[in-house]
Amino acid sequence: MRKFILKSLFFPLGLISSYTLFYFCSNAYLNSSFTNKNAIFIWGDSQAYQGIDLNKLSTTIEKKVYTSANHGAGVYDFLVFTEQVPENSEVIVSISKLVQVRRKKNDFNRSGLSIWALKKLYHNAYTTKEIISILKPNLKPRSNIRKSTELYAYSDSIQILNLSNFESYYQKIPSFFYEKQNIYLTGIQNLINKNCKISFLTFPYHAELVNIENKSPIKEKTDGLLFEIGNLFEKFEIDTIKLNKNKNVFRDLSHLNCRGAKDLSKKLGEKLVTREHTTIYVAE
Amino acid sequence: MLFNSIDFAIFLPIVFILYWFVTNKNLKLQNLLVVIASYVFYGWWDWRFLTLIFFSTLVDYSVGMKLKTEASQKKRKVLLWISILVNLGFLSFFKYYNFFLDNFISAFSFFGQEIQANSLDIILPVGISFYTFQTLSYTIDVYKRKLEPSNDFIAFSAFVSFFPQLVAGPIERAKHLLPQFYKKRTFDYSKAIDGMRQILWGLFKKIVIADNCAEFANQIFNNSADMNGSTLALGALFFTFQIYGDFSGYSDIAIGTSRLFGFNLMQNFNFPYFSRDISEFWRRWHISLSTWFRDYLYIPLGGSRVGTWMKIRNTFIIFIVSGFWHGANWTFIIWGALNAIYFLPLLLTNNNRNNLEIVARGKLFPTLKELSCILLTFGLTAFAWIFFRAENIGHALSYISGVFSATLFEIPKFSGIRSALTTTILTGTFVLIEWFGREQQFAIQNLGLKWSLPLRYAMYYMIIVAIFWFGGKEQQFIYFQF
């Protein structure tokens, strides 16, 4: 029995220590193929993944562009991003309104292991069960920063999918809403502490979705996040990016197609080159 | 409580410590701990149904005690029928009430008579089919005087509710498991280590193989109308591995867990997909249920020592009842009948006991003939699983007609092809490991035993890492619904 108990104790210890070593080595390797010299990093959800043409932006600002944007990216992904991005980096952050109201379990939250990020979630009303469900898929090392994305093809018309989903999201303020906003603010503070040069980007919604949003009690609260972000900085501006409306720029209610993405990336790039202060760019 | 949950990972060490360190000096106390732990394990899902288990235990224990003293054969028979009616009564009500009611209404409306009857919103108690059959085996054996009735209520309760095999088997015979509760258990290091290895392999089967295959099997079966033939064929294959990984994985965890507590449970799966014919498959698949039906239904009906027509009747009865045991749906009945049709030619030509030994014993590879037989049997089994998995007969038939259409030779199309490829590679590796370990009780029983400690640990670590890295989305154990 003694031998069994000893082995039962040493076996997981051996597993944890050897796996930790392996994990951090491979994670460091997977996420070390970039430099922050003459580079810009992007974080966001599918709006940013589909809505920014990395090549166009890179040519306009004459810098390398890396992205951690992902479909369904959530609070945990954001915290891990703020941890992984090197100090003194230039960063574009896009916290969409939908990620603030989206149910916790629908967040992607797969950016690798970060004890710090898990602790932050725990301190912001995430239950142990929710944390374990986030922890499990993150035990695998992964590369989070990419050099390319895929854009949606151009079409004259838009796909209107799941309008009822949006309506249900916007019906009432979800219980986790303020905790999520708080976590995003924590992440931004982390970027400030790392002396990063931050820009914020808000993607446009299609008129149908704007209608739903305008009727919702949540709109005021999601807009409020912008002001809370502003309070974190000494000098802060809000600027608008007007997209060319000659042709359809939307793929669906909340995502740009390649035409919209290219237009936005070019105009954003031009503004980034000349900007002086921390700015929120609101695309319209 | 699920074996692949955090709850169980906490529950198991607590019970283990209490079992071996606190209650180990008193057998009664140790058995009482097993009962309490088993009730907690079951009550974690829904505590209300504990009353069912307790009532079943009470009835069968009392019937057993009465049978011990009762000399009159007539009264003994009445006692046996009380136990059968109570146990099967619960089972019929919870599992089959709505099925019979719906079919009754359909039959009447077929003849132009409309009847109004409301089906009940009944929750199926987890594992009811398993523990019902286990307790029935006790009463029948006591009635037939093949087993001494238990006069230790706690040991008997522990036998009925033993948590590792309570909800999904193996369905233990009273003759095999009950006496183990009477004897003092001593901790056996090699048995416990063997148990841990079996638990590890069971978790791999469930989390890596079954849960990953389930993702694609569900997607394809749920959208079968929009899929081409090759995708549907692939869906059937995914389900074939899902059900094996799921159920045999559960059995492995159950057997391994029991070994940690000093118990031996019967082997429930013996590499069934390497069978060379259907009769061999049924000797290797869900062995505890097949042998239960053989001993308590097939043999009492006359078995195969009767005329040809009776043999055919008995075969159909046993397979159809076995199908119906799985669920209250015509799909299970057709699945059972289809297996009877597969089995009958072998029985009638006296070829049903040709392949008693594991294939290619002592050899690395099978012969070409053996390989073709294995593939044919596997194909027939996978085909039959379509009925098992389908929502209803119409769904199964449209699925099958979809498979055997011109689109069978098109490239499969479904979402997540890349992860399906990973799942295929994992399943292929799994089949290879199972093949090389097919002469053991479970595939990795002897794997690496002669290796140095670091190498052996590296193998265990790799399996654990694979479970975390490649584990599919958590799915309920399929056999819980039975």
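So, confidence first: in chain B, helix 4, residues 73-110, is where confidence is lowest, at a mean of 85. The high end in chain B is helix 14, residues 368-389, at 96. This is a predicted model, remember, so those are pLDDT values. Over chain B as a whole the mean pLDDT is 91, with 98% of the residues reaching 70 or more. And for the model overall we have an ipTM of 0.71 and a pTM of 0.83.

Okay, next, how chain B is divided up. The domain assignment gives two pieces: domain 1 runs 6-186, and domain 2 is made of 190-276 plus 355-481. Take the C-alpha centres of those two domains of chain B and you find them 29 Å apart.

Now, what does the contact between them look like? On the domain 1 side of chain B there are 26 residues in contact, and they meet 17 residues of domain 2 of chain B. Together the two domains of chain B bury about 1,900 Å², and 72% of that sits on carbon and sulfur atoms. Which residues of domain 1 lose the most area to domain 2 of chain B? Those are B:P164, B:A168 and B:P170, and between them they make up 25% of what the domain 1 side buries.

On the polar side of the ledger, the salt bridge count between domain 1 and domain 2 of chain B is 0. The rule does find 4 residue pairs in polar contact across that interface, both partners at pLDDT 80 or more. If you want to look at secondary structure, helix 1, residues 6-22, and helix 7, residues 174-182, are the elements of chain B that give two or more residues to the domain 1 side. Helix 1 of chain B has the largest share there, 6 residues. By class, that domain 1 side, where it touches domain 2 of chain B, has 19 nonpolar residues, 5 polar and 2 charged.

Right, on to the chain–chain interface. Here 21 residues of chain B and 17 residues of chain A take part in the contact. Chains B and A bury about 1,700 Å² between them, with 79% of it on carbon and sulfur atoms. On the chain B side, the residues that lose the most area to chain A are B:Y189, B:Y461 and B:W469, together 39% of what that side buries.

How many salt bridges are there between chain B and chain A? The count is 0. What we do get across that interface is 5 residue pairs in polar contact, again with both at pLDDT 80 or more. The elements of chain B giving two or more residues to the side that touches chain A are helix 1, helix 8 (189-222) and helix 17 (453-470). Helix 17 of chain B gives the most, with 10 residues. And the class split for the chain B side that touches chain A is 19 nonpolar, no polar and 2 charged.

Last bit: salt bridges elsewhere. Over all chains the structure holds 28 of them. One to pull up on screen is A:K262 with A:D53, where the closest N and O atoms are 2.8 Å apart. That pair links distant parts of the chain, 209 residues apart. A:K262 is in helix 12 of chain A, residues 258-274, while A:D53 is in the loop between helix 2 (46-51) and helix 3 (54-61) of chain A.

Technical notes
Residues are numbered from 1 along each chain as its sequence is written. Chains are lettered from A and ligands numbered from 1 in the order in which they are written. This is a predicted model: local features need pLDDT of at least 70, side-chain atom pairs count only at pLDDT 80 or more; totals for chains, interfaces and linings use all residues. Side-chain values use heavy atoms; hydrogens and water are left out. Domain bounds come from an automatic or database domain assignment. Contact means heavy atoms within 4.5 Å. Buried area is the accessible area (1.4 Å probe) that two parts lose on being put together, summed over both. A salt bridge is a side-chain nitrogen of Lys or Arg within 4 Å of a carboxyl oxygen of Asp or Glu. A polar contact is a pair of N or O atoms within 3.5 Å; within protein, one must be able to donate a hydrogen and the other to accept it, and residues adjacent in sequence count only if both atoms are side-chain atoms. Helices (H or I, at least four residues) and strands (E, at least two) are DSSP runs, numbered from the N terminus. Ala, Val, Leu, Ile, Met, Phe, Trp, Tyr, Cys and Pro count as nonpolar, Asp, Glu, Lys and Arg as charged, and the others, Gly among them, as polar. pLDDT is the predictor's confidence in each residue, from 0 to 100.
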